[in-house]
Amino acid sequence: MTFLKLNNDVEMPQLGLGVYKVPSEDIDRSVKHALEVGYRAIDTATFYENEEAIGKVLNETKTNREDIFITTKVWNSDQGYDNTIKAFHESLKKLGVDYIDLYLIHWPCPDIDLYVETYKALEKLYADGLVKAIGVSNFNIEHLERLLKECTVVPTVNQVECHPYLQQKELKTFCEKHNIKVEAWAPLARGEVFTEEIIKNLANKYNKTPAQVVLRWHIQEGTIVIPKSVTPSRISENFDIFDFELSRDDMNDIAKLNQGKRLGREPNDMNMK
Ligand code: NAD
């Protein structure tokens, strides 16, 4: 397993478990299995309504709290300075912890226009030591530029939709220039890319599965990945990607799959409360 150093020197596991749409009753089994096979990062959000179930696992596991990297996110309807501070404390309580490793703004919601104020609340939580790192999710370059201009702390991470069909090259270049790590949500394109000949051939060549090839591509791109699964064998499979390396030519072949295809919303179109 590899770790990436964020711009404030915090070390973040490059691979974590995503838990979007994982019902609370499935959290116990899947998160415990993930911890057993070596995962040390969990990506949740207030919106996923499973923070409490994750808190229960954190309370029961023998793995030390400081060895588990927890990300959660402030939801759109909680944006604004005071609301964000309040939402953060609710997340802390539900997770049963006294700090969060990474706290993100879930979506910029430009029509609501509260993300600068919301980010200032994240800066306050960071200054108070309640969160080890702060960042954003679904921010386009124009949203990041505004934060860089109007706020003080450079976001450590921008979590965005990213997979072989949507490779986010321009955004990645911008983030690299500003020392912001890109974290891929839907890293597997929810399985849609597995039927591509290029991916199937590479899986044969390296004696790996299509999911492992795609995750390995992300790792070699320097991207953080948080694949989601509730199936124990797949959780294990998705973690078993650190014993092979795709060649430069094979990386270039995967690059050819880019078609700017989104599975989720374009960030400017998400203003849902
Ligand atoms: P994903 O690309 O991780 O796909 C998950 C799906 O792929 C699973 O439901 C399963 O059907 C399949 N899968 C997983 N492992 C597999 C394997 N080894 N073999 C075959 N099929 C496999 O998509 P996702 O869940 O949307 O994204 C991952 C995580 O990203 C989420 O759980 C969540 O934590 C985060 N996320 C964040 C945002 C955001 O707005 N910030 C949005 C969506 C997701």
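Tutor: Quick ground rule before we dig in: a polar contact is a pair of N or O atoms within 3.5 Å, where one can donate a hydrogen and the other can accept it. Keep in mind that this is a predicted model.

Student: Okay, so what makes the pairing of the glutamine 159 and aspartate 43 side chains a polar contact?

Tutor: The distance there is 2.8 Å, and the limit is 3.5 Å, so the pair qualifies. The side chain of glutamine 159 also has a polar contact of 3.1 Å with the side chain of glutamate 183.

Student: Why is glutamine 159 called buried?

Tutor: Its relative accessibility is 2%. Buried means under 20%, so glutamine 159 counts as buried. You'll find glutamine 159 in strand β8, residues 157–161. Beyond its neighbours within four places in sequence, glutamine 159 is in contact with residues including Lys73, Leu104, Asn138, Trp185 and Ile226.

Student: And valine 157, what makes that one buried?

Tutor: Valine 157 also sits in β8. The value for valine 157 is 0% and the cut-off is under 20%, so valine 157 counts as buried. With neighbours within four places set aside, its contacts include Leu6, Met12, Ile134, Ile180 and Ile224.

Student: How far is valine 157 from asparagine 179 in sequence and in space?

Tutor: They're 22 residues apart along the chain, and their C-alpha atoms are 8.7 Å apart.

Student: Now a middling case. Why is lysine 169 called partly exposed?

Tutor: Lysine 169 has a relative accessibility of 47%. Buried would be under 20% and exposed would be over 50%, so lysine 169 lands in between and is partly exposed. Lysine 169 belongs to helix α6, residues 169–177, and touches Ala255 and Asn258, once residues up to four places away are left out. For a longer-range reference, valine 31 is 138 residues away from lysine 169 in sequence and 32 Å away, C-alpha to C-alpha.

Student: How do you know that arginine 190 is exposed?

Tutor: The relative accessible area of arginine 190 is 53%, and exposed means over 50%, so the label holds. Arginine 190 is in the loop between β9 (181–185) and α7. Check its backbone too: phi is positive, about 50°, although arginine 190 is not a glycine.

Student: What makes asparagine 207 exposed?

Tutor: Asparagine 207 comes in at 71%, and the bar is over 50%, so asparagine 207 counts as exposed. Asparagine 207 has a positive phi of about 60° and isn't a glycine. Its loop runs between α7 and α8 (210–221).

Student: On to helix pairs. Why is α7 called roughly antiparallel to α10?

Tutor: Helix α7 (residues 197–206) packs against helix α10 (residues 248–255) at about 155°, with the axes 10 Å apart. Over 145 degrees counts as roughly antiparallel, so that's what α7 is to α10. The crossing is left-handed. On the α7 side the contact uses Ile198, Ile199, Leu202, Lys205 and Tyr206, and on the α10 side Asp250, Asp253 and Ile254. That contact splits into five nonpolar, no polar and three charged residues.

Student: What makes α4 oblique to α5?

Tutor: The axes of α4 (residues 115–127) and α5 (residues 141–150) cross at roughly 55° and come within 10 Å. Roughly parallel needs under 35 degrees, and roughly perpendicular starts at 65, so α4 is oblique to α5. This crossing is right-handed. Tyr115, Val116, Tyr119 and Lys120 of α4 meet Glu142, His143, Arg146, Leu147 and Glu150 of α5. By class, that gives four nonpolar, one polar and four charged.

Student: And how do you know that α1 is oblique to α2?

Tutor: The angle is about 40° for α1 (residues 24–37) and α2 (residues 51–60), with 9 Å between the axes. Under 35 would be roughly parallel, so at that angle α1 is oblique to α2. The crossing of α1 and α2 is right-handed. From α1, Ser24, Ile27, Asp28, Val31, Lys32 and Leu35 meet Ala53, Ile54, Lys56, Val57 and Glu60 from α2. The breakdown is six nonpolar, one polar and four charged.

Definitions and conventions. Residues numbered from 1 in each chain as written. Predicted model: local features only at pLDDT ≥ 70, side-chain atom pairs only at ≥ 80, totals over all residues. Heavy atoms only, no water. Axes fitted to C-alpha atoms, helices over the stretch in contact; angles between N-to-C directions. Helix = DSSP H or I, 4+ residues; strand = E, 2+ residues; numbered from the N terminus. Parallel < 35°, antiparallel > 145°, perpendicular 65-115°, else oblique. Left-handed = near helix turned anticlockwise from the far one by under 90°. Contact = heavy atoms within 4.5 Å. Nonpolar A, V, L, I, M, F, W, Y, C, P; charged D, E, K, R; others polar. Buried < 20%, exposed > 50% of the residue type's maximum accessible area, 1.4 Å probe, protein only.
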